[in-house]
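This briefing sets out the fold, the interior and selected local features of a single protein chain. The sequence and structure are shown first, and the points that follow are grouped by topic.

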Amino acid sequence: MTAHDPAEDGPDPQEVRTVIDILRKQSPDGLRQWPDAPSSDVWRSATRRAGWQLIRIKPKEPTKRAFLNACAKAFDFPSYFGGNWDALADCLSDVAPESENGTVIVWRDAASYAEADPAGFDVALQVMSEALSDWERLGKPVVVVLTGDDRDLGLPEFSQ
């Protein structure tokens, strides 16, 4: 008889409920941080159940180039994406959230980028904030959740 591995059962139901509750009850929007954010499986399950779109930005390393490449992949930017801050702003302005309920953009390990390149991180936040303002005008809630270690990024907590 083989031992049962609880990880095979999928994401922790309590973590999924926590994310769903935050999405449904608080309708968070803007830039938020969640240092101890749940796994990708939890995000995927929670957003699917809540009817929210999930976009994941997962840079391979804490650099501008890796962040821009991860954004291009996550948002399915066209091949002419220029790989710079202006091009990011332009392409994000052309992206419209697909879900009527809302969109969660999870930026994995953002704290590492904040430490490695504070100036670049600030520009990334500014570009994301401008895109959020554009999306807000469309009347659809969008939240960008920055994850990483327990460093304070100066943003409100997602879980509050």
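How many helices and strands does the chain have? The chain, seen here in a predicted model, has six helices and four strands. Read from the N terminus, these elements follow the order α-β-α-β-α-α-β-α-α-β.

**Overall dimensions and surface**

- A compact globule of 160 residues would have a radius of gyration near 15 Å, and the value of 16 Å for the chain agrees with this.
- Along the principal axes, the C-alpha atoms occupy a box of roughly 55 × 35 × 30 Å.
- Buried residues make up 45% of the 160 in the chain.
- Of the contacts between residues at least 6 apart in sequence, 73% join residues at least 24 apart.
- The exposed area of the chain is about 8,800 Å², of which carbon and sulfur atoms supply 45%.
- There are 17 positive and 27 negative side chains, and the centres of these two sets are 5 Å apart.

**Nonpolar cores**

- In soluble globular proteins, nonpolar side chains tend to be buried together.
- The largest nonpolar core of this chain comprises 36 residues, and those with the most contacts inside it are Phe 67, Phe 75, Phe 77, Leu 88, Trp 107 and Leu 146.
- Two or more residues of this core come from each of β2, α3, α4, β3, α5, α6 and β4 (142-146).
- Helix α6 gives the largest share of this core, with eight residues.
- A second, separate core has 17 residues, including Trp 34, Ala 50, Trp 52 and Val 106.
- Phe 77, one of the residues with the most contacts inside the largest core, is in contact with Cys 71, Ala 72, Leu 88, Cys 91, Leu 92 and Val 95 when neighbours within four places in sequence are left aside.

**Helix α3 and the loop after it**

- Helix α3 spans residues 64-74, and its buried residues are Ala 66, Phe 67, Leu 68, Ala 70, Cys 71 and Ala 72.
- These buried residues pack against β2 (53-57), α4 (85-94), β3 (103-107), α5 (110-116) and α6 (118-136).
- Asp 76 follows α3 and is found in the loop between α3 and α4.
- Although Asp 76 is not a glycine, its phi is positive, at about 55 degrees.
- Is Asp 76 buried or exposed? Asp 76 counts as exposed because its relative accessibility is 65%, above the 50% cut-off.

**Helix α2 and Arg 44**

- The buried residues of α2 are Val 42, Trp 43, Ser 45, Ala 46, Thr 47 and Ala 50, and Ala 50 also belongs to the second core.
- Arg 44 lies in the same helix, which covers residues 40-50.
- With a relative accessible area of 33%, Arg 44 is partly exposed.
- Beyond residues up to four places away in sequence, Arg 44 touches Leu 54 and Arg 56.
- The C-alpha atoms of Arg 44 and Leu 54 are 6.8 Å apart, while the two residues are ten apart in sequence.
- Just after α2, Gly 51 adopts a positive phi of about 80 degrees.

**Loops on either side of β3**

- Ser 99 is located in the loop between α4 and β3.
- Ser 99 counts as buried because its relative accessibility is 11%, under the 20% cut-off.
- Leaving aside neighbours within four places in sequence, Ser 99 is in contact with Gly 51, Trp 52, Gln 53 and Lys 140; Gly 51 is the residue with positive phi just after α2, and Trp 52 is among the residues of the second core.
- Ser 99 and Ser 133 are 34 residues apart along the chain, with 17 Å between their C-alpha atoms.
- Asp 109 is placed in the loop between β3 and α5.
- The phi of Asp 109 is positive, near 55 degrees, in a residue other than glycine.
- Asp 109 counts as partly exposed, at 42% relative accessibility.

Definitions and conventions
Residues are numbered from 1 along each chain as its sequence is written. This is a predicted model: local features need pLDDT of at least 70, side-chain atom pairs count only at pLDDT 80 or more; totals for chains, interfaces and linings use all residues. Side-chain values use heavy atoms; hydrogens and water are left out. The radius of gyration is taken over C-alpha atoms; the globule rule is 2.2 Å times the number of residues to the power 0.38. Buried means under 20% relative accessible area, exposed over 50%, partly exposed in between (1.4 Å probe, protein chains only). Contact means heavy atoms within 4.5 Å. Accessible areas come from the Shrake-Rupley method with a 1.4 Å probe; for residues, only the protein chains shown count as cover. Lys and Arg count as positive and Asp and Glu as negative; His and the chain ends are not counted. The place of a charge is taken as NZ of Lys, CZ of Arg, CG of Asp or CD of Glu. A nonpolar core is a set of buried Ala, Val, Leu, Ile, Met, Phe, Trp, Tyr and Cys residues joined through side-chain atoms within 4.5 Å.
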